[in-house]
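Here is a walk through one fold, from its packing to its charged pairs. Keep the structure open next to the text and follow along.

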Amino acid sequence: MADSSFDIVSKVDHQEAENALNQARKEIEQRYDFKGTGASVEWSGESVLIKASTEERAKAVLDVFQSKLIKRGISLKSLESGEPFASGKEYRIVSTIKDGISSENAKKISKIIRDEGPKGVKSQIQGDELRVQSKSRDDLQEVQRLLKAADLEVDLQFVNYR
């Protein structure tokens, strides 16, 4: 019998991220506490640019955006936000949405599987994802449970289970 396998990926549905940004923009335009503060949230290339007149307002806009991401099913582990910085008369926060598993995190995940996972489970890094193989499907499910319980700084999904 052939080995069973699955892939570990970290992908963000960009349409859902776009929807979350639009919802956050609408809420910011309508909320009374944001009136006259120049608060906005928008795409700037691949990153999200948040602007406001004060540092606190910029952080509040980021908080609104994060709550919309959570409602849309996007993990905050996928959002990397910088600190607010002054730009002229306004404060800005640049946030990026991470897609894929970095080689450093892939090595960490591979080490967890090797050290704590069932014997006979092999993992290999393929670009920005990992392939996990084993003869036993139960061992693969054990690896999934192990990785869900591990405190990693990336949001993981398990796909291509065969």
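A polar contact, as used here, is a pair of N or O atoms within 3.5 Å; within protein, one of them must be able to donate a hydrogen and the other to accept it, and residues adjacent in sequence count only if both atoms are side-chain atoms. Bear in mind as well that this is a predicted model.

**Helix α4**

That definition comes into play at the start of α4, where a side-chain oxygen of Ser136 comes to within 3.2 Å of the backbone nitrogen of Asp138. How far apart are the end C-alpha atoms of α4, and what span should its 13 residues have? The ends are 19 Å apart, and at 1.5 Å a residue the helix should span 18 Å, so the two agree.

Now look at which way the helix faces. Leu140, Val143, Gln144, Leu146 and Leu147 are the buried residues of α4. They cover an arc of only 165 degrees around the axis, so they sit on the same side of α4. Turned away from that buried side is a face carrying the exposed residues Asp138, Lys148 and Ala149. As for what the buried residues pack against, that would be β1 (4-9), α3, β8 (129-134) and β9 (157-159).

**Ser5 and Asn160**

Strand β1 is also home to Ser5. Is Ser5 buried or exposed? With a relative accessible area of 9%, Ser5 is buried, because the cut-off for that label is under 20%. Leaving aside residues up to four places away in sequence, Ser5 touches Arg131, Val132, Gln133, Leu140, Asn160, Tyr161 and Arg162. Leu140 in that list is one of the buried residues of α4.

Asn160, another of the residues touched by Ser5, lies in the segment after β9. Its backbone deserves a glance: phi of Asn160 is near 55 degrees, a positive value in a residue other than glycine. Asn160 is partly exposed, at 39% relative accessible area.

**Helix α2 and the cores**

Over to α2, which has 17 residues and reaches 25 Å from its first C-alpha to its last, close to the 24 Å expected at 1.5 Å a residue. Its buried residues are Ala58, Ala60, Val61, Leu62, Val64, Phe65, Lys68 and Leu69, and what covers them includes α1, β2 (40-44), β3, β4 (79-81) and β6. Just after the helix, Gly73 takes a positive phi of about 80 degrees.

Nonpolar side chains tend to be buried together in soluble globular proteins. Here, the largest nonpolar core has 23 residues, of which Ile28, Phe34, Val41, Ile50, Val61 and Phe65 touch the most other members. Two or more residues each come from α1 (14-30), β3 (47-52), α2 (55-71) and β6 (90-97). Which element gives the largest share of this core? That is α2, with 7 residues.

Val41 makes a handy spot to zoom in on. Not counting residues up to four places away in sequence, Val41 touches Leu21, Ala24, Arg25, Ile28, Val48, Leu49, Ile50 and Val61. Apart from this core lies another, of 17 residues, among them Ile101, Ala106, Val121 and Val154.

**Charged pairs**

How many salt bridges does the count come to? It comes to 15 salt bridges, and the table shows some of them.

| Pair | Closest N to O distance |
|---|---|
| Glu90 and Arg92 | 2.8 Å |
| Asp115 and Lys111 | 2.6 Å |
| Arg145 and Glu142 | 3.0 Å |

Start with Glu90 and Arg92: Glu90 is partly exposed at 22% relative accessible area, and Arg92 is partly exposed at 23%.

Asp115 and Lys111 are 4 residues apart in helix α3 (residues 103-116), so about one helical turn separates them. Asp115 counts as partly exposed at 48% relative accessibility, as does Lys111 at 44%.

Back in α4 (residues 137-149), Arg145 and Glu142 are 3 residues apart, which again means a separation of about one helical turn. Arg145 is partly exposed at 48% relative accessibility, and Glu142 is partly exposed at 35%. Elsewhere, salt bridges that share partners join Glu27, Arg31, Asp33, Arg57 and Lys68 into one network. Lys68 is also among the buried residues of α2.

Technical notes. Residues numbered from 1 in each chain as written. Predicted model: local features only at pLDDT ≥ 70, side-chain atom pairs only at ≥ 80, totals over all residues. Heavy atoms only, no water. Salt bridge = Lys/Arg side-chain N within 4 Å of Asp/Glu carboxyl O. Buried < 20%, exposed > 50% of the residue type's maximum accessible area, 1.4 Å probe, protein only. Core = buried A, V, L, I, M, F, W, Y, C linked by side-chain atoms within 4.5 Å. Contact = heavy atoms within 4.5 Å. Expected span 1.5 Å × (residues − 1). Arc of directions from axis to C-beta.
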